[in-house]
Amino acid sequence: MDLSDVLCDKIKAIKTVADSAAKAKRVIAMDGESKGKIVKVAFFDAKPYDRESFDRSNREFGFQIVYFANHLSPQTVSLAKGYDAVCAFVNDTVDSAVIDSLVQNGVRLIAIRAAGYNNVDFKAAFQKIHVVRVPAYSPYSVAEHAVALMLSLNRKIHKAYYRTRDMNFSINGLLGFDMHGKTVGVIGTGQIGKVAIKILSGFGTRILAYDVYPDEKYRSEIGFQYADLNTIYRESDILTLHCPLNKSTYHLIDETSIAGMKDGVMLINTGRGGLIDSKALIHGLKSGKIGAAGLDVYEEESDYFFEDFSSTVMTDDVLARLLSFNNVLVTSHQAFFTKEGLHNIAKTTMNNIKDFFDGNKLENEICYRCSTNACIKKETGKCF
Ligand code: NAD
């Protein structure tokens, strides 16, 4: 038995088979040798709450789901052998090596149970394996979390909580500011950015937004302004990021953009960690240029987020430094984590899988050509 066998045994030991009490068994309707077989789904990076919501939803669908606690990665991809689909999350690796192994192992669908998909190599997947996602499950969950971070940092709730528990009822150092009348910069006015704008409008803030595709209809409905990034950096008291991570947004917030910001600006990131150059953020915090930061995501989060490391030594010096600032609030990618969000993620993911194996149109399929005129999905119902 070599090391890889030992590793594999260990991995298998932590897999759990789904509640097979599903009423109806969902079989593959497409033509081909697997027609009539029950759809088998390998579910990676499974947590107890995922299992609960997917098992509940699966009563309606009847897939055979096997839950693996491991991340999907080149080391664990062999676990997917014999499955029809894999279900992956934000910190799973879906690069070309993993994609090729999935295809070789007979997997035909990658179902991402998230809105963001920066972890998928779409060029490698094109014409080999279909990729579906959950484009919208609850924009409210993420926008509300962004505002929760803003209010907590502004009114120093994270400090007040510890003070009063320690019978320290002093309010020295807890001074906040009225949200009313402040300027909030919103980068990305898609589904989440739009909800954030609506909530923030309720506080009486002035909103400056930027999007590569501005939504003029929504702008005139709500009454905010679009502006270029430099104006937003210069005028915003608070900046909140709601754009996707891609080549054009990688390290959007870096030394140069921070230098153009208002002194003491509050920065909120519930988008993706790679939107911010963490080292530049640390410099900005140390100099006081950045007055506070609320981070639900972090560039190197896949090493830590979603797991309990409370009994180990932190080896990521950048994350350790960020956690040491008393004006930085880090949450572990939990913005999506509401009852409604989880329910909708499970339901849409199951529907995506069902549609694929029933041979239906794939509303939520994505590929690298989707944003170009070369996309054929509108005509054919699939990306290829
Ligand atoms: P969306 O696709 O509805 O909106 C994204 C918007 O960003 C679009 O309007 C798009 O035009 C715009 N955009 C694209 N490139 C841009 C650029 N260079 N500059 C400015 N705007 C740009 O997506 P959404 O549902 O609103 O989600 C936004 C992001 O939030 C996702 O991509 C994901 O990374 C992140 N997210 C995080 C969590 C969490 O739990 N923290 C949960 C869901 C989504």
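The exercises below, each with a worked solution, concern a predicted model.

**Exercise 1. The two domains**

Task: State which segments make up each domain, how far apart the domain centres lie, and how many residues each domain gives to the contact.

Solution: Begin with the domain assignment, which divides the chain into domain 1, made of 3-137 + 339-380, and domain 2, made of 139-330. Next take the C-alpha centres of domain 1 and domain 2, which are separated by 32 Å. The contact itself then draws on seven residues of domain 1 and 11 residues of domain 2. Finally, sort the side of domain 1 that touches domain 2 by residue class, which yields one nonpolar, four polar and two charged residues.

**Exercise 2. The shell around the ligand**

Task: Determine how many residues surround the ligand, which of them are the closest, and which elements give two or more residues to the shell.

Solution: Counting the surroundings of the ligand gives 30 residues, and the closest are Gly-116, Gly-188, Gly-190, Ile-192 and Pro-244. Turning to secondary structure, the elements that supply two or more residues to this shell are α5 (139-155) and α7 (191-202), with the largest share, three residues, coming from α7. At the level of domains, domain 1 and domain 2 each provide at least three residues of the shell. The last step is chemical character, where the shell residues separate into 15 nonpolar, 12 polar and three charged.

**Exercise 3. The parallel sheet**

Task: Give the order of the seven strands in the open sheet, identify its edge strands, and describe how β7 is joined to β8.

Solution: Read across the open sheet, the seven strands follow the order β9-β8-β7-β10-β11-β12-β13, with parallel pairing. The edges are formed by β9 (225-226) and β13 (328-330), each of which pairs on one side only. Within the sheet, β7 (residues 183-187) runs parallel to β8 (residues 206-210), and five bridges join these two strands. As a check on the register, Val-184 stands opposite Ile-207 in β8.

**Exercise 4. The setting of Leu-285**

Task: Is Leu-285 buried or exposed, and which residues does it touch beyond its neighbours within four places in sequence?

Solution: First locate Leu-285, which belongs to helix α11 (residues 278-287). Leu-285 is classed as buried because 21 other C-beta atoms lie within 10 Å, and the cut-off for that class is 20 or more. Once neighbours within four places in sequence are set aside, the contacts of Leu-285 are Ile-290, Ala-293, Phe-325 and Val-328. For a distance in space, consider Lys-262, which is 23 residues from Leu-285 in sequence and 13 Å from it, C-alpha to C-alpha.

Methods. Residues are numbered from 1 along each chain as its sequence is written. This is a predicted model: local features need pLDDT of at least 70, side-chain atom pairs count only at pLDDT 80 or more; totals for chains, interfaces and linings use all residues. A residue is near a molecule or strand if its C-beta atom, placed from the backbone, lies within 6 Å of it. Helices (H or I, at least four residues) and strands (E, at least two) are DSSP runs, numbered from the N terminus. Ala, Val, Leu, Ile, Met, Phe, Trp, Tyr, Cys and Pro count as nonpolar, Asp, Glu, Lys and Arg as charged, and the others, Gly among them, as polar. Domain bounds come from an automatic or database domain assignment. A residue is buried if 20 or more other C-beta atoms lie within 10 Å of its own, exposed if 12 or fewer, and partly exposed in between; C-beta atoms are placed from the backbone. Two strands pair if DSSP finds at least two bridges between them.
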